[in-house]
Amino acid sequence: MGKITGFLEIDRQDRKYAPAADRVRNYNEFVIPLGDEGTKSQAARCMNCGIPYCHNGCPVNNQIPDWNDLVYNDLWEEASRNLHSTNNFPEFTGRVCPAPCEASCTLNIEDVPVTIKTIECAIVDKAWENGWLKPIVSAEKTGKKVAVVGSGPSGLAAAQQLARAGHSVHVFEKNAKAGGLLRYGIPDFKMEKNLIDRRVEQMEAEGVTFHYGAHIGVTQDAKQLTDSFDAVLICAGSEKSRDLPVPGRDLDGIHFAMDFLPQQNRRVGKEAPLDNKPILANGKHVVVIGGGDTGSDCIGTSIRQGAVSVTQIEIMPKPPEKENKALTWPNWPMKLRTSSSHQEGAERDFSVLTTGFRGEDGKVKALQCARAGADMKPVPGSEFELKADLVLLAMGFVHPVHEGMLKSLGVKLDGRGNVEANVRDYKTSSDKIFAAGDARRGQSLVVWAIREGRQAARAVDEFLMGSTTLPR
């Protein structure tokens, strides 16, 4: 490494946020970059470990020590080439990935890991600013046609890889724009959507054709794809939300998070609404059920809409504030994590079980709750109520939507209701149909979706051509 003793001499410093009072007034990104010199200084902290466990933590196998060294030595363009050799969209992961690589960093044993995510984001942002990311157009065309269903991170990654291999790639997206949950699930204050738009422009210049408003299996015949294309790759995501079937669930004011969040993203993106039933938090007491990232996104969005109060409840017990490194490192630890949205003014409560909803005139007014015991059942005598005018269910997703495309294609499902396919060839039970991303593995991270899209592209290329040079 360029700075052998950097980790001894330089303290960890990460990006900071704009003040909460300012950032909640809009939907713009609010993370403040470190700047070139600050980023180079942080890259100098990389230890040149004998075994770089950050590789173990990164699903896309980023060569983290290599590009840290390049940044430290001011070789930003080479760092960008290295980074893009393993990750098609580091500007996405540099903003929304929880950074399991940092949990695996050797310096995390002392709670001061290298700011890998920050450095990654700085590299790709600098690459775009300097015009280094040109379309990569295949010199030779194979004559093979591939249909990719879904334009989330797995579909986009697969489409770009396949186009660069020389195939004619058509991406079918049910919404008006590409991005999947990157565009319609993740709020703009975490990732602005112009980042997706410029990648789509790059991919179109590389030969990828996007078909919008094409809801396969609903507005367009699914079997037509297998007749018209040499291979079909399902990257439709996992969109079947987990419900809460308790008394009062049918009251007005109780909604899935993924009915609430896309509405606001469409407003920010100046897209036409899908219906005339707006879900808004302004002037309301909001309760978010579910303690994950989607719940956090609901908090930040509700606060920006003008909620009177926001409370997030979680059925699981409160995790420890600090992990036992001797037991967890270098793996991803279970510990209490506080997001930027939590810092904006939400209350959090744990071990809370929702037993029902109470309403007036058909509208929700309160949650009927109890403390959850170790068996996940109500503790007798612990009942209480939470005031609520708007309840957002953010309890995760159970599997991809089965109605429509999956039933039409007749692909086999696994025991959890996901499309059955292994991680060697990504083939489904149906001829020339493949699956990757959340549709195959279940609800997961953006970085895992990119990994699966890249690996599935290699599998499809090998299926079509007999061999492949695409990386795994």
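Trainee: Is Asp74 buried, partly exposed or exposed?
Mentor: The model is predicted, and the value here is computed from it. Asp74 has a relative accessible area of 45%. Buried means under 20% and exposed means over 50%. Because 45% falls in between, Asp74 is partly exposed.

Trainee: Which side chain does Asp74 meet in a salt bridge?
Mentor: A salt bridge needs a side-chain nitrogen of Lys or Arg within 4 Å of a carboxyl oxygen of Asp or Glu. For Asp74 the N to O distance is 3.8 Å. The partner that supplies the nitrogen is Lys40.

Trainee: How many residues apart are Asp74 and Lys40?
Mentor: Asp74 sits in the loop between helix 5 (64-72) and helix 6. Lys40 belongs to helix 3 (residues 35-43). The pair links distant parts of the chain, and the separation is 34 residues.

Trainee: Is Lys40 buried or exposed?
Mentor: Lys40 has a relative accessible area of 15%. The cut-off for buried is under 20%, so Lys40 is buried.

Trainee: Which residue forms a salt bridge with Lys3?
Mentor: Lys3 is partly exposed, because its relative accessibility is 26%. Its partner is also described as partly exposed, at 48%. The closest N and O atoms of the pair are 3.1 Å apart, and the partner is Glu9.

Trainee: What is the N to O distance between Glu420 and Lys412?
Mentor: Glu420 counts as partly exposed at 35% relative accessibility. Lys412 counts as partly exposed at 47%. Their side chains meet in a salt bridge, with an N to O distance of 3.7 Å.

Trainee: Which residues are joined into one network by salt bridges that share partners?
Mentor: The structure holds 29 salt bridges. Some of them share partners and thereby join residues into one network. Its members are Asp111, Lys322, Glu323, Lys325 and Lys335.

Trainee: What is the volume of the largest cavity?
Mentor: Rolling a probe the size of a water molecule over the atoms shows where empty space is left. The structure holds one cavity of 30 Å³ or more. The largest cavity has a volume of about 100 Å³.

Trainee: Which residues lining the largest cavity are the closest to its centre?
Mentor: The lining of the largest cavity is made of 15 residues. They divide into 10 nonpolar, three polar and two charged. The closest to the centre are Cys58, Asn62, Cys97, Cys101 and Glu120.

Trainee: Which helix gives the most to the lining of the largest cavity?
Mentor: Helix 8 (100-104) and helix 9 (116-129) each supply at least two residues of this lining. The top contribution is three residues, and it comes from helix 9.

Trainee: How much space lies in the second largest pocket?
Mentor: The lining of this pocket has 19 residues. Those closest to its centre are Arg81, His84, Ser85, Ile136 and Arg164. The space in the second largest pocket is about 370 Å³.

Trainee: Which helix supplies the largest share of the lining of the second largest pocket?
Mentor: The lining divides into five nonpolar, eight polar and six charged residues. Helix 6 (76-84), helix 10 (153-164) and helix 12 (194-205) each supply at least two residues. The largest share is four residues, from helix 6.

Trainee: What accessible area do Ile315, Met316 and Met376 have together?
Mentor: Ile315 lies in the loop between strand 10 (309-314) and helix 16 (325-328). Ile315 counts as partly exposed because its relative accessibility is 31%. With Met316 and Met376, Ile315 forms a nonpolar patch on the surface, and the area together is about 230 Å².

Trainee: Which two residues are joined by a cis peptide bond?
Mentor: The omega of this bond is about 5 degrees. One of the two residues lies in the loop between helix 16 and strand 11 (347-350). The two residues are Trp329 and Pro330.

Trainee: What is the phi of Ser351?
Mentor: Ser351 lies in the loop between strand 11 and strand 12 (352-360). Ser351 counts as buried because its relative accessibility is 17%. Although Ser351 is not a glycine, its phi is positive, at about 55 degrees.

Trainee: Where does Lys432 lie?
Mentor: Lys432 is not a glycine, yet it has a positive phi of about 55 degrees. Lys432 counts as partly exposed, at 22% relative accessibility. Its place is the loop between helix 17 (405-409) and strand 17 (433-435).

Methods: Residues are numbered from 1 along each chain as its sequence is written. This is a predicted model: local features need pLDDT of at least 70, side-chain atom pairs count only at pLDDT 80 or more; totals for chains, interfaces and linings use all residues. Side-chain values use heavy atoms; hydrogens and water are left out. On a 1 Å grid over the protein atoms alone, a cavity is a set of points where a 1.4 Å probe fits but cannot get out, and a pocket is an open set with protein on both sides within 12 Å along at least five of seven lines; lining residues have an atom within 4 Å of a point. Grid points are joined across faces, edges and corners, and a volume is the space filled by probe spheres set on the points. Ala, Val, Leu, Ile, Met, Phe, Trp, Tyr, Cys and Pro count as nonpolar, Asp, Glu, Lys and Arg as charged, and the others, Gly among them, as polar. Patches are made of residues with over 30% relative accessible area and no salt bridge: like charges are joined within 9 Å, nonpolar side chains (Val, Leu, Ile, Met, Phe, Trp, Tyr) within 5 Å. Accessible areas come from the Shrake-Rupley method with a 1.4 Å probe; for residues, only the protein chains shown count as cover. Buried means under 20% relative accessible area, exposed over 50%, partly exposed in between (1.4 Å probe, protein chains only).
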